[in-house]
Amino acid sequence: MKKMWTIAVNTFRESMRKKTLYIILIFALIVIGASKLFSFLTAEEELKMIKDVSFSAIEFFGALIAIFASITAISTEIERRTIYTLLTKPIRRSDFVLGKFFGVSLIIFVNFILTTLFFIGLLLFKKSIPDIEVFKTLLLIFFELILIGGITLALGTFTTDAFNIICSFFLYIVGHLTSYGKEMIERTENIVVAGLADMLYTLVPNYENFNIRDKIVVGISVSWGYVGYTILYGILYTCIVLLIALYFFQKREI
Amino acid sequence: MAIIQTDKLTKHYVLGRKKFVVGLENVDLEINEGEIFGILGPNGSGKTTCLKLLLGILFPTSGEARIMGRLPDDIEMKQYVGFLPENPYYYDYLNGPELLLFYARLFSIRPDVAKKRIDELLELVELNNARRLTLRHYSKGMLERIGLAASLINDPKILILDEPTTGLDPIGCRDTRNLLIKLKQQGKTILLSSHFLSEVERVCERIAIFHRGHLLATGTLDALNKQYQAENLEDLFVKTIYAFDNQEAVKTGEPK
């Protein structure tokens with residue numbers, strides 16, 4: 001566990017040196033800050049706008065950070081050949097992959113905390129105390145980001161960076177369109193197409209499950225049961241993709 | 001007693017359907033405890049492949065490699081092994097002590113022991129004056145020296161060095177040579193690969209000559225010189241390689 005943590009901290013430190021992550025973070029803060037510009041709206045509408053824009057910004061820019069941090073986490077070690085100095089030490093390949101995952105999760109967490117604090121600060125500035133529904137939304141966004149990081153890292157154990165980036169963004173988009181996919185499955189009469197689409201629907205990560213912001217913004221409450229179920233879905237999906245990552249990395253020659 | 005052993009170790013790099021390149025072919029090696037053993041060969045001869053197979057970075061197509069009687073994926077065995085890769089590259093935002101501490105943690109070395117060991121090693125590789133300098137400002141020779149220190153952080157029983165003198169100036173080469181002799185006197189087993197014949201000639205007790213993935217000859221320099229009627233290592237090197245190439249040319253019917 002200590003060795004895994006050593007690799008995680010090193011991954012975190014190395015990623016913190018990448019300018020791309022800072023640029024994305026700055027953009028996120030600018031977008032969240034810009035939501036305050038809608039001062040021509042009524043106070044209530046303005047708050048809704050701040051929440052809507054901020055949730056979207058935390059999720060979208062968080063996803064960008066998760067993808068970019070995860071893509072390079074393993075490939076950089078291979079490209080620079082620093083991996084030779086790691087895998088020849090008494091660490092399991094699984095320690096290496098999980099260490100990388102926890103390192104990436106740490107980056108996601110720090111970025112998430114910074115953007116969330118900025119958003120809450122903005123709400124407090126507008127004299128609105130964030131309620132529990134806001135925290136439910138943020139909690140689900142965080143687990144979505146962890147899942148995105150896990151999937152990208154897993155893809156990185158057996159694909160190239162270019163393929164990984166295409167695949168991760170494709171999954172990000174498709175994962176948010178699953179509700180439309182479900183509708184199409186229900187409408188189609190072709191059994192083969194419906195079967196294939198249903199399989200795809202089950203396999204593709206359903207990122208839309210984590211999206212409750214549309215409801216929260218308009219004041220609809222979401223049950224803790226739903227939040228708990230979605231978090232469990234996120235954790236299980238992450239565990240499965242990490243197992244896939246371990247399987248491929250165990251067999252990978254460097 | 002052999003502390004490192006390979007048994008018909010073979011590695012084929014697959015290029016496509018039924019197409020492959022020989023990385024290593026049926027290599028039987030035995031390296032005894034406490035000796036300095038040199039693997040020699042031209043570029044692409046299979047030296048690094050052999051070391052990577054021993055350390056579990058690559059997987060053999062057939063045959064097996066063992067260190068201290070254990071397979072390369074054995075975590076406990078790696079506790080006793082130090083490795084210096086060819087042209088090492090490290091995390092360049094760390095300074096020397098930070099890098100060594102990072103590797104010490106991977107060996108689960110206690111912080112107080114690690115601190116003492118780091119001081120000793122920096123002194124040994126003469127990088128004590130550059131403690132605060134991050135690795136991105138290191139010269140090639142300094143990187144090679146910090147790499148050597150990193151490979152010694154766990155006070156290994158077995159030291160595996162891939163081209164340890166690449167990038168070093170003559171004084172650096174001499175210092176490394178002296179260090180290897182000193183480490184041997186401490187009872188360590190050293191396996192090094194190199195294409196610098198003079199370095200190998202000066203420090204190694206036994207050598208192995210590789211070419212195109214094949215082990216052509218192995219033994220003490222004197223015995224091999226006698227066997228191949230060679231005057232020195234360079235002569236021996238050329239003779240064994242030419243003999244193999246001629247043999248292959250006859251087999252394939254290609255004119256030499």
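## Exercises on a two-chain model

Across the interface of chain B and chain A, 11 residue pairs are in polar contact, with both partners at pLDDT 80 or more. Keep in mind as you work that this is a predicted model.

**Exercise 1. Find which helix of chain B gives the most residues to the side that touches chain A.**

Solution. Start with the elements that give two or more residues to this side of chain B: α1 (47–55), α2 (75–78) and α3 (96–106) of chain B. Next, look for the top contributor: α3(B) gives the most, with 5 residues.

**Exercise 2. Describe the interface by residues, area and charge: how many residues does the contact take from chain B and from chain A?**

Solution. Begin with the residues: chain B supplies 28 and chain A supplies 26. Now turn to the area. About 2700 Å² is buried between chain B and chain A, and carbon and sulfur atoms give 60% of that. On the chain B side, Tyr91(B), Tyr93(B) and Leu106(B) lose the most area to chain A, together 25% of what that side buries. Finally, check the charged pairs: the rule finds 2 salt bridges across the interface of chain B and chain A. As a pair to display, try Lys11(B) and Glu253(A), which form a salt bridge whose closest N and O atoms are 2.5 Å apart.

**Exercise 3. Decide whether His176(A) is buried or exposed, and list what surrounds this residue.**

Solution. First locate the residue: His176(A) is found in helix α7 (residues 161–176) of chain A. Then apply the cut-off, under 20% relative accessible area for buried. His176(A) has 15% relative accessibility, so this residue counts as buried. Now gather the contacts. Leaving aside neighbours within four places in sequence, His176(A) touches Glu59(A), Glu144(A), Tyr207(A) and Glu208(A). With Glu144(A), the side chain of His176(A) makes a polar contact of 3.0 Å.

**Exercise 4. Trace the largest nonpolar core: how many residues does it have, and which have the most contacts inside it?**

Solution. The largest nonpolar core has 153 residues, and those with the most contacts inside it are Phe96(A), Phe119(A), Tyr103(B), Ile146(B) and Ile207(B). Next, ask where the residues come from: helix α3 (residues 43–79) of chain A provides the largest share, 15 residues. In chain B, domain 1 (2–80 + 157–252) and domain 2 (88–155) each supply at least three residues to this core. To finish, zoom in on Ile146(B). Beyond neighbours within four places in sequence, the contacts of Ile146(B) are Tyr90(B), Gly96(B), Leu99(B), Leu100(B), Leu122(B), Leu127(B), Leu135(B) and Tyr138(B). As background, nonpolar side chains tend to be buried together in soluble globular proteins.

Notes:
Residues are numbered from 1 along each chain as its sequence is written. Chains are lettered from A and ligands numbered from 1 in the order in which they are written. This is a predicted model: local features need pLDDT of at least 70, side-chain atom pairs count only at pLDDT 80 or more; totals for chains, interfaces and linings use all residues. Side-chain values use heavy atoms; hydrogens and water are left out. A nonpolar core is a set of buried Ala, Val, Leu, Ile, Met, Phe, Trp, Tyr and Cys residues joined through side-chain atoms within 4.5 Å. Buried means under 20% relative accessible area, exposed over 50%, partly exposed in between (1.4 Å probe, protein chains only). Helices (H or I, at least four residues) and strands (E, at least two) are DSSP runs, numbered from the N terminus. Domain bounds come from an automatic or database domain assignment. Contact means heavy atoms within 4.5 Å. A polar contact is a pair of N or O atoms within 3.5 Å; within protein, one must be able to donate a hydrogen and the other to accept it, and residues adjacent in sequence count only if both atoms are side-chain atoms. Buried area is the accessible area (1.4 Å probe) that two parts lose on being put together, summed over both. A salt bridge is a side-chain nitrogen of Lys or Arg within 4 Å of a carboxyl oxygen of Asp or Glu.
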